[in-house]
Amino acid sequence: MKVVVDMNKCQDHGQCVFAAPDVFQMDDNGRLAFVPDPDDTLREEVEEAADVCPLQAIRIED
């Protein structure tokens, strides 16, 4: 699984951080940081993060 975030769309709302904290974090500057190739056991959390993103900036590729 590969996580792709369109950083041009992302406005750092952080909803993904709540949905999948093992994959998404906010860095020291308040910007989104993420693991681009998380373990497949986290797929459900990543799918939830993509669903709750208000700007739909998160995409999952297989």
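Accessible areas, as used in these legends, come from the Shrake-Rupley method with a 1.4 Å probe.

**View 1. The whole protein chain of this predicted model, with its surface and its charges.** The protein chain exposes about 4,000 Å², and carbon and sulfur atoms supply 45% of that area. Of the 62 residues in the chain, 34% are buried. The chain carries 5 positive and 15 negative charges, and the mean positions of these two groups lie 9 Å apart.

**View 2. The order of helices and strands along the protein chain.** Two helices and four strands make up the secondary structure, and someone who follows the sequence from its start meets them in the pattern β-α-β-β-α-β. The radius of gyration is 10 Å, close to the 11 Å that the globule rule gives for 62 residues, so the protein chain is as compact as a globular protein of that length. Taken along the principal axes, the box filled by the C-alpha atoms comes to roughly 30 × 20 × 15 Å. When contacts between residues at least 6 apart in sequence are considered, 58% of them join residues at least 24 apart.

**View 3. The two sides of helix 2, which spans residues 43-52.** The buried residues of this helix are V46, A49 and A50. They cover an arc of only 100 degrees around the axis, which means that they are on the same side of helix 2. On the other side of helix 2 the student will find E44 and D51, and both of these residues are exposed.

**View 4. The packing partners of the buried residues of helix 2.** The buried residues of helix 2 pack against elements from several parts of the sequence, namely strand 1 (2-5), helix 1 (15-19), strand 2 (24-26) and strand 4 (58-61). The residues to look for on the helix 2 side of this packing are V46, A49 and A50, which are its buried residues.

**View 5. E61 and its surroundings in strand 4.** E61 has a relative accessibility of 28%, and it therefore counts as partly exposed, given that buried means under 20% and exposed means over 50%. If its neighbours within four places in sequence are left aside, E61 is in contact with M1, K2 and V4. A further residue to locate is Q25, which is 36 residues away from E61 along the chain, and the C-alpha atoms of these two residues are separated by 20 Å.

Note on methods. Residues are numbered from 1 along each chain as its sequence is written. This is a predicted model: local features need pLDDT of at least 70, side-chain atom pairs count only at pLDDT 80 or more; totals for chains, interfaces and linings use all residues. Side-chain values use heavy atoms; hydrogens and water are left out. The radius of gyration is taken over C-alpha atoms; the globule rule is 2.2 Å times the number of residues to the power 0.38. Buried means under 20% relative accessible area, exposed over 50%, partly exposed in between (1.4 Å probe, protein chains only). Contact means heavy atoms within 4.5 Å. Lys and Arg count as positive and Asp and Glu as negative; His and the chain ends are not counted. The place of a charge is taken as NZ of Lys, CZ of Arg, CG of Asp or CD of Glu. The arc is that of the directions from the helix axis to the C-beta atoms.
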